[in-house]
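Subject: The structure we talked about

Hi there,

Here is the structure I promised to pass on to you. Please have it open while you read, as my notes go through it piece by piece.

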Amino acid sequence: MAKQYDVLFRLLLLGDSGVGKTCLLCRFTDNEFHPSHISTIGVDFKMKTLEIDGIKVRIQIWDTAGQERYQTITKQYYRRAQGIFLVYDITSERSFQHIMKWASDVDEYAPEKVQKILVGNKSDEEQKRQVATEQGNKLAKAYGMDFFETSAFTNHNITELFRVVYFFSIFFLSVFYPIG
């Protein structure tokens, strides 16, 4: 069977259980939101293919379980990732505080040049907010990451978040598939 893409990018979604990693994934790949689902066990993935300047880019997005008992399994996926989304829930100060631990794991197990993006999810729940946008911006800046607040529920900033993957893809293509 012939490959249906020219370039493969592996993205990894990391963060505590319940922050909305699976919902972000489903919103981007299927444009669907499922308000109730079971927690991810181990690792799951979905794919989406985009065409960039005539080159088919397959994005393979790995959705990791946030529970500590699965972290030994999920760390095996870090080293093959080209991009990592560190996701927290804006209504959970605890999930935000845990980002530093997730970032530390990324520094230890992922490739040195991996693209990292901080994502504050559930921006539709403003009335329950525990983490200010400024806190997310400050943490992202401290770690040298881009930062987005999203809502998988309302589809807020999902396209913009994954557009970063598109631009990263263009950079990757220019390095590995230079024109001329």
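Below are my notes on the strands, the helices, the aromatic rings and a few backbone angles. Please keep in mind that this is a predicted model.

**The strands**

Let me begin with strand β5, residues 115-121, where 6 of the 7 residues are buried. On one side, β5 pairs with strand β4 (residues 83-89) in the parallel sense, over 7 bridges. In this pairing Phe85 stands opposite Ile117. β5 also pairs with strand β6 (residues 146-149), again in the parallel sense, this time over 4 bridges. Here you will find Leu118 opposite Phe147. The connection from β5 to β6 involves helix α5 (residues 133-143), and the three elements together make a right-handed β-α-β unit.

Elsewhere, strands β1 and β3 are parallel partners over 7 bridges, with Leu12 standing opposite Trp62 in β3. Strand β3 covers residues 55-64, and because 8 of its 10 residues are buried, it is largely enclosed by the rest of the structure.

**Two buried charged side chains**

Where does Lys116 sit? It is found in strand β5. Its relative accessible area is 19%, so Lys116 counts as buried, the cut-off being under 20%. The side chain of Lys116 makes a polar contact of 3.2 Å with that of Asp107. Leaving aside neighbours within four places in sequence, Lys116 is in contact with Ile84, Leu86, Val106, Asp107, Met145 and Asp146.

Arg10 belongs to strand β1, which spans residues 7-14. With a relative accessible area of 18%, Arg10 is buried too. Which residues does Arg10 touch, once neighbours within four places in sequence are left aside? They are Gln60, Trp62, Arg80, Ala81, Gln82 and Gly83. Gln60 deserves a second look: Arg10 and Gln60 are 50 residues apart in sequence, yet their C-alpha atoms are 4.8 Å apart in space. Their side chains are joined by a polar contact of 3.4 Å.

**The helices**

Helix α1 (residues 21-30) is largely enclosed by the rest of the structure, because 9 of its 10 residues are buried. Those buried residues are Lys21, Thr22, Cys23, Leu24, Leu25, Cys26, Arg27, Phe28 and Thr29.

Helix α4 (residues 99-109) has Ile99, Trp102, Ala103, Asp105 and Val106 buried. Looking down the axis of α4, these buried residues fall within an arc of 155 degrees, so they line one face of the helix.

**Aromatic rings**

How many aromatic pairs are there? The count comes to 3. One of them is Phe28 with Phe162, a stacked pair with 3.8 Å from centre to centre and 10 degrees between the planes. This pair links distant parts of the chain, since Phe28 is in helix α1 and Phe162 is in helix α6 (residues 158-176), 134 residues apart. Phe28 and Phe162 are both buried. Another is the edge-to-face pair of Tyr88 and Phe96, at 4.8 Å centre to centre with 70 degrees between the planes. Tyr88 and Phe96 are buried as well. Finally, Phe28, Phe85 and Phe162 form one aromatic cluster. Phe85 is the residue that came up earlier, opposite Ile117 in β5.

**Backbone angles to look at**

Most residues other than glycine have a negative phi, and these spots are worth a glance on that account. Asn31, just after helix α1, takes a positive phi of about 50 degrees. Lys122 is not a glycine either, and its phi is positive at about 75 degrees. You will find Lys122 in the loop between β5 and α5, where it is partly exposed with a relative accessible area of 21%. Asn157 has a positive phi near 65 degrees and lies in the loop between β6 and α6. Its relative accessible area is 22%, so Asn157 is also partly exposed.

That is everything I have for now. Happy browsing!

Warm regards

Notes:
Residues are numbered from 1 along each chain as its sequence is written. This is a predicted model: local features need pLDDT of at least 70, side-chain atom pairs count only at pLDDT 80 or more; totals for chains, interfaces and linings use all residues. Side-chain values use heavy atoms; hydrogens and water are left out. Buried means under 20% relative accessible area, exposed over 50%, partly exposed in between (1.4 Å probe, protein chains only). Helices (H or I, at least four residues) and strands (E, at least two) are DSSP runs, numbered from the N terminus. Two strands pair if DSSP finds at least two bridges between them. A crossover is right-handed if, with the strands pointing away from the viewer, the path from the first strand over the helix to the second runs clockwise. The arc is that of the directions from the helix axis to the C-beta atoms. Contact means heavy atoms within 4.5 Å. A polar contact is a pair of N or O atoms within 3.5 Å; within protein, one must be able to donate a hydrogen and the other to accept it, and residues adjacent in sequence count only if both atoms are side-chain atoms. Rings of Phe, Tyr and Trp (its six-membered ring) pair if their centres lie within 6.5 Å; planes under 30 degrees apart count as stacked, over 60 as edge-to-face and the rest as tilted.
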